[in-house]
Amino acid sequence: MSGFLLRLYIAGRSAISQRAEQNLFQLQRLIEPDCKVEIIDVVTRPELAEQAGILATPTLSYEHPERPRRVIGDLSDTKRVLEFLGFRAQEKDGRAIEPKEKNA
Amino acid sequence: MSAQDAEVEVPDVLERVKTGVAAFDELVTGGLPRARTTVVGGTPGSGKTIFAIQFLAHGISECSENGVLVTFEESPADIDSNMRGFGWDLTAWRKAGCLAVVDASPPTKDELVIGDFDLLGLLSRIQHAARSVNAKRIVLDSLTQLFDHFIGDPKVLRRELFRITDALKKADLTVLMTAERNAEYGEITRHRLEEFIADNVVILRNVLQREKRRRTIEVLKMRGSHHAEGESPFTILGRDEGPGAHGLVAVPLSSLRLEQQSSTVRVTSGNRAIDEMCGGGFFRDSVTLVSGATGTGKTLLVTNFLAGGVAAGERAILFGFEESRGQLFRNASGWGVDFAAMEAEGKLKVFCLYPEAQGLADHLLAIQNLVDEVQPNRIAIDSISALERVAPDVGFREFLISLTSFIKKREIAGLYTATSKSLIGGESASEQHISTLTDSIILLRYMQEQDVMHRGLMVLKMRGSEHAKEIRRFTIDGSGMHLGEPFKGAPNVFSSGEPDYYQR
């Protein structure tokens with residue numbers, strides 16, 4: 001199976017939005033099989049945020065038919081995000097995924 | 001003018017937004033300040049959501065101000081059906097474009113918070129909803145639920161809530177937020193929300209006091225404006241519970257100013273001899289208390305008072321809390337007064353209620369609604385002390401103050417009766433409460449003289465007028481009350497037990 005969808009809801013071009021976007025693209029490279037990514041800015045498309053019932057931004061929504069899941073936050077902890085969404089990570093470019101160091 | 005000269009235009013008077021709870025608006029000199037935030041705190045079941053929806057309802061139906069409801073707790077469908085009992089149709093308002101609802105109730109999806117976030121998603125939705133209906137009023141119900149949703153990040157929540165309320169205020173929106181309290185007295189709200197986002201704080205209470213629920217509303221803080229202090233009673237009325245207002249109905253306490261004018265016009269007490277003792281009758285806008293032990297003739301005085309008014313072409317209303325209509329009508333005819341004929345002519349209305357049937361706040365509202373409907377010139381309440389059973393202490397005192405100031409404002413002549421507990425002399429607690437509030441006091445007492453028991457009447461107090469100081473004997477027969485000679489060497493009417501003179 002392929003072509004499942006990850007939707008990222010962000011609010012404008014804030015630092016936190018950009019961080020989440022970058023982290024998402026990094027995730028996308030690691031996820032096997034390929035997934036589609038859609039980015040929605042709630043400031044310009046509030047009606048989509050309303051439809052999806054978004055409170056917090058950034059929110060990553062995994063539109064799974066049986067078990068939809070959401071991750072709130074800037075997605076900086078790649079390993080936990082992958083675990084929660086239930087993806088196997090692939091070492092596409094030869095690098096292993098290392099969990100980011102936790103900030104004190 | 002001077003306001004235009006100033007660099008930054010600051011309105012010197014805050015514009016007010018009426019909440020639809022009339023007596024509450026009075027407490028805060030006209031309503032909630034526009035473009036400010038108000039936190040309404042209360043324990044579960046204290047009426048927060050009702051107050052919040054009423055604020056929206058009043059805006060939509062009375063002020064052509066549309067609204068946005070943001071619900072964090074109940075689903076919009078639940079709120080809609082819960083509010084139908086108050087005559088508020090959220091669905092109809094949504095269809096008419098007067099109301100937008102943002103459903104922020106907890107999601108059913110799995111959710112995990114990893115890393116930093118903001119609540120701009122929520123803010124954009126609220127702003128979008130506000131734009132879509134051109135809203136002036138916003139309700140967030142309840143913030144505590146939002147806090148509990150993101151329980152791990154209280155700091156982020158504080159920052160983000162501040163950001164949201166700030167943005168809404170800048171858009172000239174008046175914001176009402178509800179928040180849970182754990183206890184009726186103590187910490188203002190859970191998570192101490194009021195400290196960082198509230199310009200104004202209002203507390204709703206629902207206190208159990210001697211087996212009776214007492215609902216009160218208190219304005220705790222109102223930035224930059226005057227407000228009445230302390231708790232004011234309120235009640236919650238459904239649409240079907242009588243005419244008048246529904247929803248959360250606050251009971252106006254002593255108004256901020258004693259503004260009622262004093263009339264010098266005299267009206268008859270219904271008994272010429274008592275009129276003479278009072279220096280020409282009662283004042284038109286005064287309240288008189290008739291106090292006496294059981295059987296001394298209080299209800300007779302009430303009957304005379306009503307009949308005297310009707311004979312002078314006035315309209316009268318009687319609230320009976322001790323006897324049934326049948327008993328009151330029979331008593332009256334025993335003294336030569338035909339209540340039934342007076343009612344048939346539309347000159348008199350008699351309402352009898354069991355004191356325990358409802359709380360004092362509801363009694364007060366019922367009386368006010370009926371008085372507004374009947375528009376009487378005089379009102380009698382027989383007896384006011386029976387109502388003390390319903391809520392002793394503070395509640396009763398508040399009730400008395402409210403009722404008395406209501407009667408005076410309407411320029412109605414009022415007569416209360418109070419039953420003293422002991423047969424000879426003595427004061428009851430209710431007398432102490434009532435006596436300072438009423439303008440005039442008439443005492444009816446059993447008086448022992450040698451081996452005979454007489455009845456005596458005296459005018460104890462008559463505000464703004466001379467009055468007779470003697471204690472007059474009186475008798476009661478088939479044509480009513482007859483005053484006789486004053487007592488000579490009378491016993492002390494205030495002490496109970498052995499009269500002083502007896503021991504001399």
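Buried means under 20% relative accessible area. The model is predicted. In chain B, six of the seven residues of strand β7 (residues 135-141) are buried, so the strand is largely enclosed by the rest of the structure. The points below cover the pairing of β7(B), one buried histidine, two cis peptide bonds and two residues with positive phi.

**Strand β7 of chain B and its partners**
- β7(B) pairs with strand β4 (residues 66-71) of chain B in the parallel sense, over six bridges.
- Within this pairing, B:R137 of β7(B) is the bridge partner of B:G67.
- β7(B) also pairs in the parallel sense with strand β8 (residues 174-180) of chain B, over four bridges.
- Here B:I138 stands opposite B:V175 in β8(B).

**B:H227**
- B:H227 sits in the loop between β10 (212-222) and β11 (231-237) of chain B.
- Its relative accessible area is 13%, so B:H227 is buried.
- Leaving aside neighbours within four places in sequence, the contacts of B:H227 include B:L27, B:V28, B:V219 and B:M222.

**Cis peptide bonds**
- The bond from A:T57 to A:P58 is cis, with omega near -5°; A:P58 lies in the loop between α2 (46-52) and β3 (59-62) of chain A.
- The bond from B:D382 to B:S383 is cis, with omega near -5°; B:S383 is in the loop between β18 (378-382) and α15 (394-409) of chain B.

**Positive phi outside glycine**
- B:A35, in the loop between β2 (32-33) and β3 (37-42) of chain B, has phi near 60°.
- B:A35 counts as buried, at 16% relative accessibility.
- B:S64, in the loop between α3 (48-62) and β4 of chain B, has a positive phi of about 40°.
- B:S64 counts as exposed, at 68% relative accessibility.

Definitions and conventions:
Residues are numbered from 1 along each chain as its sequence is written. Chains are lettered from A and ligands numbered from 1 in the order in which they are written. This is a predicted model: local features need pLDDT of at least 70, side-chain atom pairs count only at pLDDT 80 or more; totals for chains, interfaces and linings use all residues. Side-chain values use heavy atoms; hydrogens and water are left out. Buried means under 20% relative accessible area, exposed over 50%, partly exposed in between (1.4 Å probe, protein chains only). Contact means heavy atoms within 4.5 Å. Two strands pair if DSSP finds at least two bridges between them.
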